[in-house]
Amino acid sequence: MEKALLVFQTDFTYKEGAVAAMYGVVKSVDRQLEIIDATHEIPQYDTWSASYRLHQYMRFWPKGTVFVSVVDPGVGTARRACVALSNDGYYIVTPDNGTLTHIKNGVGIKEVRVIDETVNRLVRDDNKHVSIFHGRDLFGYCAARLASGIISFEEVGKTYPIEEIIEHPIIKPQTISNGIEGIFEINDPNFGNLWTNIPLDLFEKAGFHHGDRIRTVIFFKDKKIFDEVIPYFSSFGMAENHQVMIYNNELNHIALAETVGNLCQNYGLGYGADYKVRFTN
Amino acid sequence: MEKALLVFQTDFTYKEGAVAAMYGVVKSVDRQLEIIDATHEIPQYDTWSASYRLHQYMRFWPKGTVFVSVVDPGVGTARRACVALSNDGYYIVTPDNGTLTHIKNGVGIKEVRVIDETVNRLVRDDNKHVSIFHGRDLFGYCAARLASGIISFEEVGKTYPIEEIIEHPIIKPQTISNGIEGIFEINDPNFGNLWTNIPLDLFEKAGFHHGDRIRTVIFFKDKKIFDEVIPYFSSFGMAENHQVMIYNNELNHIALAETVGNLCQNYGLGYGADYKVRFTN
Amino acid sequence: MEKALLVFQTDFTYKEGAVAAMYGVVKSVDRQLEIIDATHEIPQYDTWSASYRLHQYMRFWPKGTVFVSVVDPGVGTARRACVALSNDGYYIVTPDNGTLTHIKNGVGIKEVRVIDETVNRLVRDDNKHVSIFHGRDLFGYCAARLASGIISFEEVGKTYPIEEIIEHPIIKPQTISNGIEGIFEINDPNFGNLWTNIPLDLFEKAGFHHGDRIRTVIFFKDKKIFDEVIPYFSSFGMAENHQVMIYNNELNHIALAETVGNLCQNYGLGYGADYKVRFTN
């Protein structure tokens, strides 16, 4: 049987040897396992971003892929270490700390199991007193055993109720009389674009179409910080350089960009519940 | 038949989930494909650097390797999406936007084809309105199909004349009465070294040899900004720390370094047509 | 016979094409070789960090893995290029410049061989005058030949005495009347934690246990720069945010962290022989 792919995301970065130690454990479990980096640059301790990134890329992978997410500010506390099986057939090995928010609220979770540390934790002479590196000793090790078929999903550990999975609050967009409003729920930290929580279909139902020029008002903690009429384009190449524009992002959500520029930096904008955006006719 | 290697370079960085989504598509086309990162840290929108980096490393790979370059400021415009076959037997999947400059002018391009989006673009329920992520939906997907043998090079799409490939201007070095002059055409952004457009053989024909001390004058927009007599060494270890020196770089071009230092930062230097360098006896 | 894994660490970063050229050479030696990044973000020229990182992750890999470390400020000088075999069965391909310090002093080195450049250096028309990129032309090439079985360890080149291997000085911790003192020997540059040279067992023998509150004094060049009573916890999740705490790190050494914060940055601390730390009852 073909072994499952292992895809990792963490907030470890590659600045030191943590990723290499974790991957060494995986390869020591099973030399044949294929390891792929999703990213090791999740913002530190940011379980919201960890959750969003899984939502962003998970669906594009072959069914059965095992995703490992280690953004774990609560390592060493009572937070559960778990493996979730999504309704669309992926495994996610992660601390249960909000990282499953988008998967649970999106495609949904079919079953979740707490990792049984008595069998699925690496114990060696040189790590038995170590409580701070679950990426290496617990999540990576357990995921490798699952992906290689050494253990079945059932052998991860006992199930627990899906309702008990820890979630971050998700804010929904609202249709208003002459438009729609939502929040920036995440950014593209490389290009500086901001992604709203407004899906394309709702935006179109609110009466907006490609080519429209749309009044866009942004509030930070209810204070207006941006108020301009900007175009809604299908792609960046249609705008002039440094023009602020609206577009449909890769996940079919409405987003804002400064073309060939960095909107977040140049306009002092960010994401989260405090950043509201309103589009009106 | 052995499948071709897939080597990727982009300006996406690993700060978010774009690379992971693109690689998921590749693995969903064919689980057996081997993906290798060339780099995801090309400077944003910098198709000159994208072109130079291909030139820097492509030749060292096995023949038949498929390179994917996604530095694409013009996504969504009329710029072509293409696959080029180089004279030395490599495939390059890229927007035709200057990224092929060095390969075209160096080893040369044998044939170029526009990607037929009616067959070689990924269409799913959740991406059919997405126009902004050609890395995932077009370049990565088409490259995976080519590397796995699902499509032949002919099935990428129709050929177009090689002369139509978009090029950046390439500036040639000039031999002068008592030396040679050129430009800095790229840097090593990690160590801060500057690479000229002067090949080793021309430099030697101009009368320079290892061990020489050479007057080196640098101009920015015709204003002299550096004028020193510096040594020409075969390697960094021969210089004192922080000594500015001339060397023959990994591509057999003449280059400048501050040993165990950062020449670009510490001397305020950069690259491009505005940075001229003159070596004289 | 299964081919050895190849694990790379350098100070090249991914900002340009050096890693891609080096990996291309490996794949041209043998398409079947599996390449894994340990890290390409070792601090520039820092052979101490290179040595420490090997020590941090090497033991977790399958026996026989070939590690390649290219942090090489002395490239082009008389420093040896070598392959060492550790007592626990790993190969390390590296300049002999201090990078083997921790392996030699820890698990120990069984045998070391100088790379015979007449057979184990890549020679092509386009690199025969290149003296500055041993990562691509020497270390990567030789390591690929060794990992693929093209050459045996004996065919790397001649042995030389293990005592001749270059070492950095290693400072030992000292038990004092009412506690223990040592230095910060490395940091975690991502999270900003500081790792001492004091092993867990010595710390416990000095009378300290989880839950204790311990007076911790830090000196920089014998000047006191930190003096607080802080808790010794088994993991980060037990502390309040931004609390400075002592913990047992992933290598069973005593370490300091600012929980969900960056101790190095926020307290102006670093590592090296100048940073002494004293724990007393």
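Contact here means heavy atoms within 4.5 Å. I keep that beside me while I look around this predicted model.

**Entry 1: Thr196(C)**

I started with Thr196(C), which I found in strand 9 (residues 193-199) of chain C. Is Thr196(C) buried or exposed? Thr196(C) counts as buried, because its relative accessibility is 0% and the cut-off for buried is under 20%. Next I listed the contacts of Thr196(C), leaving aside neighbours within four places in sequence. They are Ile183(C), Phe184(C), Glu185(C), His253(C), Ile254(C), Ala255(C), Val277(C) and Phe279(C). I also looked up a distance from Thr196(C) to Val19(C): C-alpha to C-alpha, the two are 32 Å apart in space, and 177 residues apart in sequence.

**Entry 2: Ser51(A)**

I moved to chain A and looked for Ser51(A), which sits in helix 2 (residues 47-57). Its relative accessible area is 0%, so Ser51(A) is buried. Which residues touch Ser51(A), leaving aside neighbours within four places in sequence? I noted Gly98(A), Thr99(A), Leu100(A), Thr101(A) and His102(A). Glu154(A) is 103 residues from Ser51(A) in sequence, and their C-alpha atoms are 24 Å apart.

**Entry 3: Asn97(B)**

In chain B I picked Asn97(B), in the loop between strand 5 and helix 3 (101-105). Asn97(B) has 15% relative accessibility and counts as buried. Without its neighbours within four places in sequence, Asn97(B) is in contact with Thr47(B), Val71(B), Asp72(B), Pro73(B), Ile166(B) and His168(B).

**Entry 4: helix 1 and helix 5**

Before this entry I reminded myself how such a packing is written down. Two packed helices are described by the angle between their axes and the distance between the axes.

I took chain C to begin with. Helix 1 (residues 18-29) and helix 5 (residues 134-148) of chain C have axes 9 Å apart and an angle of about 35 degrees. Their crossing is right-handed. On the helix 1 side of chain C, I found Ala21(C), Met22(C), Val25(C), Val26(C) and Val29(C) in the contact. Helix 5 of chain C brings Gly135(C), Arg136(C), Gly140(C), Tyr141(C), Ala144(C), Arg145(C) and Ser148(C). How many residues of this contact are nonpolar, polar and charged in chain C? I wrote down 7 nonpolar, 3 polar and 2 charged.

Then I checked chain B. There, the axes of helix 1 (residues 18-29) and helix 5 (residues 134-148) come within 9 Å and cross at roughly 35 degrees. Helix 1 of chain B passes helix 5 of chain B in a right-handed crossing. Among the residues that meet are Met22(B) of helix 1 and Ser148(B) of helix 5. By class, this contact in chain B has 7 nonpolar, 3 polar and 2 charged residues.

Chain A came last. Helix 1 (residues 18-29) and helix 5 (residues 134-148) of chain A pack at about 35 degrees, with axes 9 Å apart, and the crossing is right-handed. From helix 1 of chain A, Ala21(A), Met22(A), Val25(A), Val26(A) and Val29(A) take part. They meet Gly135(A), Arg136(A), Gly140(A), Tyr141(A), Ala144(A) and Arg145(A) of helix 5. The class count in chain A is 7 nonpolar, 2 polar and 2 charged.

**Entry 5: aromatic rings**

Over all chains, the count comes to 42 aromatic pairs. I looked up Phe67(B) and Tyr90(B), an edge-to-face pair with centres 5.7 Å apart and 70 degrees between the planes. Phe67(B) is in strand 3 (residues 66-70) of chain B and Tyr90(B) in the loop between strand 4 (81-86) and strand 5 (91-95), so the pair ties together parts 23 residues apart in sequence. Phe67(B) is buried at 0% relative accessible area, and Tyr90(B) is buried at 1%.

Why does the pair of Phe191(B) and Tyr45(C) count as tilted? The centres are 5.5 Å apart and the planes are at 40 degrees, so the pair is tilted. Phe191(B) lies in the loop between strand 8 (179-188) and strand 9 (193-199) of chain B, and Tyr45(C) in the loop between strand 2 (35-39) and helix 2 (47-57) of chain C, so the pair joins two chains. Phe191(B) is buried, at 15% relative accessible area, whereas Tyr45(C) is partly exposed at 22%.

In chain A, I noted one aromatic cluster formed by Tyr57(A), Trp61(A), Phe67(A) and Tyr90(A).

**Entry 6: a charge over a ring**

My final look was at Arg113(A), whose charged end sits over the ring of Phe153(A), 5.1 Å from the centre. In chain C, Arg113(C) lies over the face of Phe153(C), at 5.1 Å from the ring centre.

Note on methods. Residues numbered from 1 in each chain as written. Chains lettered and ligands numbered in written order. Predicted model: local features only at pLDDT ≥ 70, side-chain atom pairs only at ≥ 80, totals over all residues. Heavy atoms only, no water. Axes fitted to C-alpha atoms, helices over the stretch in contact; angles between N-to-C directions. Helix = DSSP H or I, 4+ residues; strand = E, 2+ residues; numbered from the N terminus. Left-handed = near helix turned anticlockwise from the far one by under 90°. Nonpolar A, V, L, I, M, F, W, Y, C, P; charged D, E, K, R; others polar. Phe/Tyr/Trp six-rings, centres within 6.5 Å; stacked < 30°, edge-to-face > 60°. Buried < 20%, exposed > 50% of the residue type's maximum accessible area, 1.4 Å probe, protein only. Lys NZ or Arg CZ within 6 Å of the ring centre and 35° of its normal.
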